[in-house]
Structure formats: structure tokens, C-alpha cells
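Here are a few exercises on pockets, surface and charge pairs. Have a go at each before you read the solution.

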Amino acid sequence: MTDPSTDTTGSAHFGRGPVESFWDLARFHAKLNTAPSYFGPTTLEVVPPPAWSFGATAEEADALLALVLEGTKTATASAHADYEVEGEPLPEAGTLGIVLDGEGHPRALVETTDVRVVPFDEVSAEHAHLEGEGDRSLEHWRAEHERFFAEHATAGFDPSMLLVLERFRVVYAGD
């Protein structure tokens with residue numbers, strides 16, 4: 001017989017995977033389940049937010065997650081065209097997301113606090129600093145992101161390409 005506390009998904013409950021179990025803990029610790037129980041379950045109690053990782057490789061995901069968990073990285077940038085190609089809406093302030101490590105384990109719940117769409121060549125030094133990478137300079141940010149978008153963005157790299165710039169805060173960090 002399977003012990004529900006040690007099922008193969010790493011979940012503490014039957015039928016619940018690691019993301020759902022993380023969401024249960026994060027929602028509780030972040031006090032996101034504040035509706036009285038007589039209203040019944042809310043969407044927040046039933047559907048976890050999207051889970052994703054930073055970067056394009058497991059190593060990048062782990063390195064960028066470490067910056068998030070230490071409070072250095074509070075912003076990110078994505079290619080606007082990738083949202084269009086994937087048919088995904090742009091993030092909005094208040095959007096929640098579960099950040100995964102390089103092995104796909106949920107590690108942090110973040111809330112988007114600000115979203116702007118700007119051309120690559122108009123990204124500010126302040127945004128580069130908030131991304132927390134390298135020496136935190138705009139020059140470093142541009143070099144790394146030009147390389148990243150050339151390799152991984154659907155439409156490749158162009159200095160005038162539109163980026164979705166997000167600022168976020170950690171709402172809950174797991175083990």
C-alpha cells in the first residue's frame with residue numbers, strides 16, 4: 001500500500017504533485033487564503049499560478065533563482081514576441097508565479113509588481129541593476145541579454161525588439 005505522505009510525486013497528498021503541494025504551503029504562509037470557508041473554495045485554493053523557471057538551461061535557472069532568493073534579483077525581461085507566438089497574455093501587476101529550480105522543483109512564489117513594454121535599446125540602467133546579474137551594469141545586462149535573445153527568443157535578437165520588463169517581489173520562499 002502506498003503511504004500518502006511519500007507518494008512518487010513528492011506530494012503530501014494523493015493526486016497532488018510538488019507544485020500543488022508547494023502552492024498549498026505558499027498560499028498558507030503568504031496568507032492568501034483569507035476568504036471565510038463558508039464561501040467555499042476560491043480560485044486561489046483550487047488552481048495554482050503558473051510555474052516556470054528563469055533562463056533557458058538548468059544551470060541558468062539555478063543561478064537566477066539563487067539571486068531571487070537572496071533578494072538581489074527583483075526584475076526580469078522577456079521577448080514580447082514570445083508571448084504573441086505562444087498566445088499568452090502579458091503579465092500584469094498582481095500576477096503570481098511559482099519559480100522552479102533547474103530540476104523543476106518549486107522554490108519561490110513571486111508577485112509581479114510592475115510591467116512595462118520597451119525596446120531593448122531603451123532598457124534603463126535601473127532595470128539592469130534590479131535584474132541583479134553580473135556586475136549589475138547596463139553594459140553587462142545588454143551583452144548577456146543580446147546573447148540570450150539571439151539564442152532563445154522566437155524572433156531572434158534585434159536592438160529595437162520589444163521586451164516585457166517585470167518587477168516582482170518574493171511572497172514566499174520554500175526549502
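A quick term to start with: a pocket is an open set of grid points with protein on both sides within 12 Å along at least five of seven lines, and its lining residues have an atom within 4 Å of a point. Keep in mind that this is a predicted model.

**Exercise 1.** Find which residues line the second largest pocket, and which helix gives the most to that lining.

*Solution.* Start with the space: the second largest pocket holds about 200 Å³. Next, list its lining: Pro18, Ser21, Phe22, Leu25, His105, Pro106, Tyr172, Gly174 and Asp175. Now look at helix α1 (residues 18-29), which gives the most, with 4 residues. Sorted by class, the lining has 5 nonpolar, 3 polar and 1 charged residues.

**Exercise 2.** Describe the largest pocket: its volume, its centre and its lining.

*Solution.* The volume comes to about 1100 Å³. Of the 40 lining residues, Trp52, Ser53, Ala77, Ser78 and Tyr83 are the closest to the centre. Several elements each supply at least two lining residues, among them β1 (51-52), β2 (75-79) and α4 (80-86). The top contributor is α6, with 7 residues. By class, the lining splits into 19 nonpolar, 10 polar and 11 charged residues.

**Exercise 3.** Work out how the salt bridges of lysine 73 and arginine 167 link parts of the chain, and say whether each partner is buried or partly exposed.

*Solution.* Side chains of opposite charge can pair when their charged atoms come close. The count here is 8 salt bridges.

1. Lysine 73 pairs with glutamate 133 at 3.2 Å, N to O. Glutamate 133 sits in the loop between α5 (125-131) and α6, and lysine 73 in the loop between α3 and β2, so this pair ties together parts 60 residues apart in sequence.
2. Buried means under 20% relative accessible area. Glutamate 133, at 17%, is therefore buried, and so is lysine 73, at 1%.
3. Arginine 167 pairs with glutamate 126, their closest N and O atoms being 3.2 Å apart. Arginine 167 is in strand β5 and glutamate 126 in helix α5, so parts 41 residues apart in sequence are tied together.
4. Arginine 167 is partly exposed at 23%, and glutamate 126 is partly exposed at 48%.

**Exercise 4.** Which residues make the nonpolar surface patch of about 210 Å²?

*Solution.* The patch is made by Leu90, Val117 and Leu162. Take leucine 162 as a check: this residue lies in strand β5, and its 40% relative accessibility makes it partly exposed.

Key. Residues are numbered from 1 along each chain as its sequence is written. This is a predicted model: local features need pLDDT of at least 70, side-chain atom pairs count only at pLDDT 80 or more; totals for chains, interfaces and linings use all residues. Side-chain values use heavy atoms; hydrogens and water are left out. On a 1 Å grid over the protein atoms alone, a cavity is a set of points where a 1.4 Å probe fits but cannot get out, and a pocket is an open set with protein on both sides within 12 Å along at least five of seven lines; lining residues have an atom within 4 Å of a point. Grid points are joined across faces, edges and corners, and a volume is the space filled by probe spheres set on the points. Ala, Val, Leu, Ile, Met, Phe, Trp, Tyr, Cys and Pro count as nonpolar, Asp, Glu, Lys and Arg as charged, and the others, Gly among them, as polar. Patches are made of residues with over 30% relative accessible area and no salt bridge: like charges are joined within 9 Å, nonpolar side chains (Val, Leu, Ile, Met, Phe, Trp, Tyr) within 5 Å. Accessible areas come from the Shrake-Rupley method with a 1.4 Å probe; for residues, only the protein chains shown count as cover. A salt bridge is a side-chain nitrogen of Lys or Arg within 4 Å of a carboxyl oxygen of Asp or Glu. Buried means under 20% relative accessible area, exposed over 50%, partly exposed in between (1.4 Å probe, protein chains only).
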